[in-house]
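Trainee: I would like to learn how to read a model like this one, step by step. Could we begin with the overall layout and then go on to single residues?

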Amino acid sequence: MTIISWIILGLLAGAIAKFLLPGRDPGGFIGTTVIGIAGAFIGGWISSRWLDHPITKDFYDGTTWAAAIGGSLVLLIAYRILFGHSRN
């Protein structure tokens with residue numbers, strides 16, 4: 001997959017993570033989008049590095065999507081824990 005594919009995957013993974021974990025985010029829509037993109041990269045890196053599942057060139061690979069969404073969820077939860085009380 002190209003870098004553009006990972007960005008698109010990250011945008012979609014961020015939206016899915018936000019759907020699975022509703023509530024107010026300290027960064028709003030832009031913050032959630034950036035977290036989704038970063039989560040896709042981190043989830044893909046963890047999947048290929050430690051889970052012995054190399055990243056395929058197929059955009060529709062279920063494991064790649066699960067890694068991206070999982071990474072987005074982890075980052076979104078960490079972001080809410082660290083900065084959750086900064087926006088009322």
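Mentor: What follows is a short walk through this predicted model, from the whole chain to its parts.

Trainee: How many helices and strands are there in the protein chain, and in what order do the elements run?

Mentor: The usual first step is to list the elements; here the protein chain has 3 helices and 0 strands, and from the N terminus on the order is α-α-α. Of the 88 residues in the chain, 34% are buried, and among contacts with a separation of 6 or more, 80% join residues 24 or more positions apart.

Trainee: What should the 22 residues of helix α2 span, and how far apart are its end C-alpha atoms?

Mentor: The idea is to compare an expected length with the one in the model: at 1.5 Å a residue, helix α2 (residues 28-49) should span 32 Å, and its end C-alpha atoms lie 31 Å apart, so the two agree. The buried residues of α2, including G31, T32, I35, G36 and S47, pack against α1 and α3.

Trainee: Which residues make up the largest nonpolar core?

Mentor: In soluble globular proteins, nonpolar side chains tend to be buried together. In this chain, the largest nonpolar core has 7 residues, namely W6, L9, A13, A40, W65, A68 and I69, and the elements that give two or more residues to this core are α1 (3-20) and α3 (62-83). W6, which sits in helix α1, counts as buried because its relative accessible area is 10%, under the cut-off of 20%.

Trainee: Is S72 buried or exposed, and which residues does S72 touch?

Mentor: S72 belongs to helix α3 and is buried, with a relative accessible area of 1%. Leaving aside residues up to four places away in sequence, S72 touches A13, G14, A17, I35, G36, G39 and A40.

Trainee: Which residues form the nonpolar patch on the surface?

Mentor: For the surface, one asks which nonpolar side chains remain accessible; here I3, I4, I7, I8, L11, L12 and F41 form a patch with about 590 Å² of accessible area together. Helix α1 gives the most to this patch, with 6 residues. L12, in helix α1, is partly exposed, with a relative accessible area of 39%.

Trainee: How far apart are W6 and F41 in sequence and in space?

Mentor: W6 and F41 are 35 residues apart in sequence, while their C-alpha atoms are 7.1 Å apart in space. Finally, the whole chain exposes about 5,500 Å², of which carbon and sulfur atoms supply 72%.

Methods. Residues are numbered from 1 along each chain as its sequence is written. This is a predicted model: local features need pLDDT of at least 70, side-chain atom pairs count only at pLDDT 80 or more; totals for chains, interfaces and linings use all residues. Side-chain values use heavy atoms; hydrogens and water are left out. A nonpolar core is a set of buried Ala, Val, Leu, Ile, Met, Phe, Trp, Tyr and Cys residues joined through side-chain atoms within 4.5 Å. Buried means under 20% relative accessible area, exposed over 50%, partly exposed in between (1.4 Å probe, protein chains only). Helices (H or I, at least four residues) and strands (E, at least two) are DSSP runs, numbered from the N terminus. Patches are made of residues with over 30% relative accessible area and no salt bridge: like charges are joined within 9 Å, nonpolar side chains (Val, Leu, Ile, Met, Phe, Trp, Tyr) within 5 Å. Accessible areas come from the Shrake-Rupley method with a 1.4 Å probe; for residues, only the protein chains shown count as cover. A salt bridge is a side-chain nitrogen of Lys or Arg within 4 Å of a carboxyl oxygen of Asp or Glu. The expected span of a helix is 1.5 Å times one less than its number of residues. Contact means heavy atoms within 4.5 Å.
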